[in-house]
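Here is a quick walk through one structure, from a loop residue to the core and the ligand site. Keep the viewer open while you read.

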Amino acid sequence: MEEDDGDPPLAIRIDLEEKLQESSSRPEGNTGEIPVGVTVITGYLGAGKSTLINYILNGHHGKRVAVILNEFGEEIGVERAMINDGDDGAVVEEWVELANGCICCNIKHSLVQALEQLVQRKERLDHILLETTGLADPAPLASILWLDDQLESAVRLDSIITVVDAKNIQMLLKKYWDSSLFPEAFLQLAFADVVILNKVDLIEKDCKDTVSDVLQDLHHEIHKINSLATIIQAVRCQVDLLEIFDRKEYGANHLAHLEALLEDSKTAPDKNRHDYSVRTLCIYEQLSVDMAKVRLWLEDLLWEKPHIDVYRCKGVLNIHDSDQLYTLQAVRELYEIVPARKWKETERKMSKIVFIGRDLDETVLRSSFHSCIM
Ligand SMILES: Nc1nc2c(ncn2[C@@H]2O[C@H](COP(=O)(O)OP(=O)(O)OP(=O)(O)O)[C@@H](O)[C@H]2O)c(=O)[nH]1
């Protein structure tokens, strides 16, 4: 671990709410134990990120939860004040001071350091929430957490949750489709595993359409950008916490997600959309493909970016001469292809890849993937 570079502090809060009774049922120490799940919480200004964190910290979920706040400049004091100590006597155990800065560059080592410190207390910790403020692109975080060697198996990226202001997002979506404004809000949607469509109470107050019509449209619009995201509607981020913890969205062989992937895509390509917009696109191939060719194809796509900018992709692969169903995941330049399970006899073998990104050209993606056929 590197030394702290003396930058202004980043706060970490340890919340021990009603948790200590559980310690006997958990393994002691952090040697070779189950990695601690990290949920990245992102979202546009004022969407409700702090509200969500407060709700989780005060919830009766029986988990020991730590929160890492990525703050910028003066806001740190405000944010600290906004996090409650918990209605029923939750304890703020300590603050750990860490370097501040842009998470995609100089904060990386501080974040790794913070996570390592937290994990050293693993016998008292079940989950970590990482709130990002003003962060346009969650991808660098995902790469640190997902496949960073330094963290090894101590923590695992569990999911990226994007909190959305249901009222504002209507305006942002419209402006974006019209003129590509507010791209950061779209990156956050593009990388989300879960979208909390918050402040639905405000839709009721402001719109002439029925609330359910407006909400249905919003679901539709969000799924056009990211068909893989689970959308949860909420007022004051009061969501079922079972939907938040232990989603294992980045677990290569998480079968619940695998089966969902094998189902038909939720979103058909929208021919009327401009290609430059952030959207979801899905390709299929029935014939088996060659693993080496797939890797080369993917590396060219993710690393060389041939006029196509893939943010996120998930898929299943029908690899030649293998009875194993392989899963594929990528976040920006990082990718992973691993065997998940055997194909079932009743299943029709196929490859299916869902892309989320910008300038996705269906013809190019289809034909280039086709060249991976044996
Ligand atoms: N009406 C309404 N207000 C909400 C809801 N959720 C949060 N708020 C309010 O919206 C404001 C912003 O919420 P925060 O949780 O601070 O949002 P944030 O995303 O953390 O904000 P920043 O850190 O500034 O980006 C606060 O005044 C909340 O009380 C909701 O569902 N409905």
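## Arg236 and another positive phi

Arg236 counts as partly exposed, because 14 other C-beta atoms fall within 10 Å of its own, and burial takes 20 or more. This is a predicted model, by the way, so treat every value here as computed from predicted coordinates. Look for Arg236 in the loop between E10 and helix H9 (255-262). Its backbone is worth a click: phi is near 50 degrees, a positive value in a residue other than glycine.

Lys199 also has a positive phi, about 65 degrees, and it is not a glycine either. Lys199 sits in the loop between E9 and H7. Is Lys199 buried or exposed? Lys199 counts as buried, because it has 23 C-beta neighbours inside 10 Å and the cut-off is 20 or more.

## The whole chain

Zooming out, the chain has 374 residues, and 39% of them count as buried. Its secondary structure comes to eleven helices and 15 strands. If you take the contacts with a separation of 6 or more, 81% of them link residues 24 or more positions apart.

For a sense of scale, pick Glu336 and Asp201: they are 135 residues apart along the chain, and their C-alpha atoms are separated by 40 Å. Glu336 belongs to strand E14 (residues 334-342). With 13 C-beta neighbours inside 10 Å, Glu336 counts as partly exposed, because 12 or fewer would be needed to call it exposed.

## Around the ligand

Which residues come nearest to the ligand? Of the 16 residues around it, those are Gly48, Lys49, Ser50, Thr51 and Lys199, and Lys199 is the buried loop residue with the positive phi from above. By type, the shell splits into five nonpolar, seven polar and four charged residues.

Helix H1 (49-57) and helix H7 (200-206) each put at least two residues into the shell, and H1 gives the most, with three. Ser50 is found in H1. Ser50 is buried, because 22 other C-beta atoms lie within 10 Å. There is a long-range partner to check too: Glu131 is 81 residues from Ser50 in sequence, yet the C-alpha to C-alpha distance is 8.1 Å.

## Strand E9 and its partners

Strand E9 (residues 194-198) is largely enclosed by the rest of the structure, because five of its five residues are buried. Colour its two faces separately and you get Val194, Ile196 and Asn198 on one side, with Val195 and Leu197 on the other; both faces are covered.

What does E9 pair with? One partner is E8, in the parallel sense, over five bridges. In that pairing, Asp165 stands opposite Asn198. Strand E10 (residues 230-233) also runs parallel to E9, joined to it by four bridges. There, the bridge partner of Val195 is Ile231.

## Strand E15 and its partners

Strand E15 (residues 351-358) is mostly covered too, with seven of its eight residues buried. Strand E11 (residues 278-285) runs antiparallel to E15 and is joined to it by eight bridges. Val278 of that pair stands opposite Arg358.

Strand E12 (residues 309-318) pairs with E15 as well, again in the antiparallel sense, over seven bridges. Here Val310 stands opposite Gly357.

## The nonpolar core

In soluble globular proteins, nonpolar side chains tend to be buried together. In this model, the largest nonpolar core has 87 residues, and the ones with the most contacts inside it are Ile128, Ile161, Ala190, Val195, Ile196 and Phe355. Strand E8 (residues 155-165) supplies the largest share, six residues. The core also draws at least three residues from each of domain 1 (9-243) and domain 2 (255-370).

Ala190 makes a good place to zoom in. What does Ala190 touch, leaving aside its neighbours within four places in sequence? Its contacts are Ile225, Asn226, Val278, Tyr311, Arg312 and Ile356. Val278 in that list is the residue that stands opposite Arg358 in E15. Val195 and Ile196, two of the well-connected core residues, lie on opposite sides of E9.

Notes: Residues are numbered from 1 along each chain as its sequence is written. This is a predicted model: local features need pLDDT of at least 70, side-chain atom pairs count only at pLDDT 80 or more; totals for chains, interfaces and linings use all residues. A nonpolar core is a set of buried Ala, Val, Leu, Ile, Met, Phe, Trp, Tyr and Cys residues joined through C-beta atoms within 7 Å. Domain bounds come from an automatic or database domain assignment. Two residues are in contact if their C-beta atoms, placed from the backbone, lie within 7 Å. A residue is near a molecule or strand if its C-beta atom, placed from the backbone, lies within 6 Å of it. Ala, Val, Leu, Ile, Met, Phe, Trp, Tyr, Cys and Pro count as nonpolar, Asp, Glu, Lys and Arg as charged, and the others, Gly among them, as polar. Two strands pair if DSSP finds at least two bridges between them.
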